[in-house]
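Here's a quick briefing to keep beside the viewer while you turn the model around. Have a look at the fold, then follow the ligands.

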Amino acid sequence: VPVVKAQTTPDYMPDSKFYKIEAILRPWRVAQVSTVLLKMGIRGVTISDVRGFGAQGGSTERHAGSEFSEDNFVAKVKLETVVSKDQVEEVIAKIIEEARTGEIGDGKIFLTPVSDIIRVRTGERGEKAEKMTGGRSDMNSTVKV
Ligand code: ATP
Ligand code: GLN
């Protein structure tokens with residue numbers, strides 16, 4: 001019987017210096033998620049109001065639920081944050097910790113490699129553009145959080 005070992009550093013494919021973590025979440029959990037991300041030094045986050053369907057949307061007995069809009073798409077929030085590879089797993093873990101209720105409709109997280117980052121103000125690219133002053137990498141270079 002093959003033993004499946006939990007990977008601490010998964011080999012994301014394709015390999016990249018940066019990844020976009022895209023989380024589709026319950027709108028009323030987003031404040032909690034973003035507060036905790038900020039506390040851990042994730043200072044760059046983009047939020048969009050979206051609507052979609054998944055297992056929850058296909059569940060007819062939930063059609064009367066207040067989370068449904070008129071056309072049965074469920075209102076969700078898409079949270080996107082681009083982070084360095086070494087931060088991916090801890091950010092995903094925090095999002096799950098803060099967003100999970102255990103009920104259908106908790107959402108999904110997609111991970112995508114990001115080729116480059118350009119800071120418009122300075123023209124910086126790559127690691128320089130990804131790093132936020134006072135962000136997680138700065139926090140970790142002094143005290144482990
Ligand atoms: P500056 O130092 O010039 O202010 P910055 O790196 O802080 O640059 P902003 O111009 O403040 O970036 O960012 C503009 C918007 O870009 C933010 O409001 C946010 O929506 C988005 N954003 C910035 N960084 C990230 C990131 N790492 N992941 C996702 N969204 C980000
Ligand atoms: N990786 C960045 C840093 O540690 C933070 C990324 C982000 O805030 N999305 O400075």
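What follows goes from the overall fold to the strands, then to the two ligands and one buried arginine.

Keep in mind that this is a predicted model. The chain is built from four helices and four strands, and reading from the N terminus their order is β-α-β-β-α-β-α-α. Of its 145 residues, 33% count as buried.

**Strand 1 and its neighbours**

- Start with strand 1, residues 18-25, where seven of the eight residues are buried, so call this strand mostly covered.
- One partner of strand 1 is strand 3 (residues 74-84), and the two run antiparallel over eight bridges.
- To find that pairing on screen, click Lys-20, which sits opposite Val-82 of strand 3.
- Strand 1 also pairs with strand 4 (residues 108-114), again in the antiparallel sense, this time over seven bridges.
- A handy marker here is Ala-23, whose bridge partner in strand 4 is Ile-109.

**Ligand 1**

- Which residues are around ligand 1? They are Gly-44, Val-45, Thr-46, Glu-80, Thr-81, Val-82, Arg-119, Arg-121 and Met-132.
- Strand 3 supplies the largest share of this shell, with three residues.
- Two arginine side chains reach oxygen atoms of ligand 1: a polar atom of Arg-121 lies 2.5 Å from one, and an N or O atom of Arg-119 is 2.9 Å from one.
- Val-45 joins in through its backbone, with an N or O atom 3.4 Å from an oxygen atom of ligand 1.
- How much of ligand 1 does the protein cover? On its own ligand 1 has 610 Å² of accessible area, and the protein covers 50% of that.

**Ligand 2**

- Ligand 2 has 14 residues around it, and those that come nearest are Arg-43, Gly-44, Gln-87, Glu-130 and Ser-137.
- Two side chains lie by nitrogen atoms of ligand 2: Gln-87 has an N or O atom 2.7 Å from one, while Thr-81 has a polar atom 3.1 Å from one.
- On the oxygen side, a polar backbone atom of Met-132 is 2.9 Å from an oxygen atom of ligand 2.
- The protein covers 98% of the 300 Å² of accessible area that ligand 2 has on its own.
- Where does ligand 2 sit? The space it takes is the second largest pocket.
- Strand 3 and helix 4 are the elements that give two or more residues to the shell of ligand 2, and strand 3 makes the largest contribution, at four residues.

**A buried arginine**

- Now step over to helix 4, residues 136-142, where you'll find Arg-136.
- Is Arg-136 buried or exposed? Its relative accessibility is 6%, and since buried means under 20%, Arg-136 counts as buried.
- The side chain of Arg-136 has a polar contact of 3.0 Å with the side chain of Glu-90.

**Worth a second look**

- Strand 3 is a good place to come back to: this strand pairs with strand 1, and the largest share of the shell comes from strand 3 for ligand 1 and for ligand 2.
- Thr-81 is one of the residues around ligand 1, and its side chain also has that polar atom 3.1 Å from a nitrogen atom of ligand 2.
- Met-132 is likewise listed around ligand 1, and its backbone has the polar atom 2.9 Å from an oxygen atom of ligand 2.

Notes. Residues are numbered from 1 along each chain as its sequence is written. Chains are lettered from A and ligands numbered from 1 in the order in which they are written. This is a predicted model: local features need pLDDT of at least 70, side-chain atom pairs count only at pLDDT 80 or more; totals for chains, interfaces and linings use all residues. Side-chain values use heavy atoms; hydrogens and water are left out. Buried means under 20% relative accessible area, exposed over 50%, partly exposed in between (1.4 Å probe, protein chains only). Two strands pair if DSSP finds at least two bridges between them. A polar contact is a pair of N or O atoms within 3.5 Å; within protein, one must be able to donate a hydrogen and the other to accept it, and residues adjacent in sequence count only if both atoms are side-chain atoms. A residue is near a molecule or strand if one of its heavy atoms lies within 4 Å of it. Accessible areas come from the Shrake-Rupley method with a 1.4 Å probe; for residues, only the protein chains shown count as cover. On a 1 Å grid over the protein atoms alone, a cavity is a set of points where a 1.4 Å probe fits but cannot get out, and a pocket is an open set with protein on both sides within 12 Å along at least five of seven lines; lining residues have an atom within 4 Å of a point. A molecule sits in a cavity or pocket if more than half of its atoms lie within 2 Å of its grid points.
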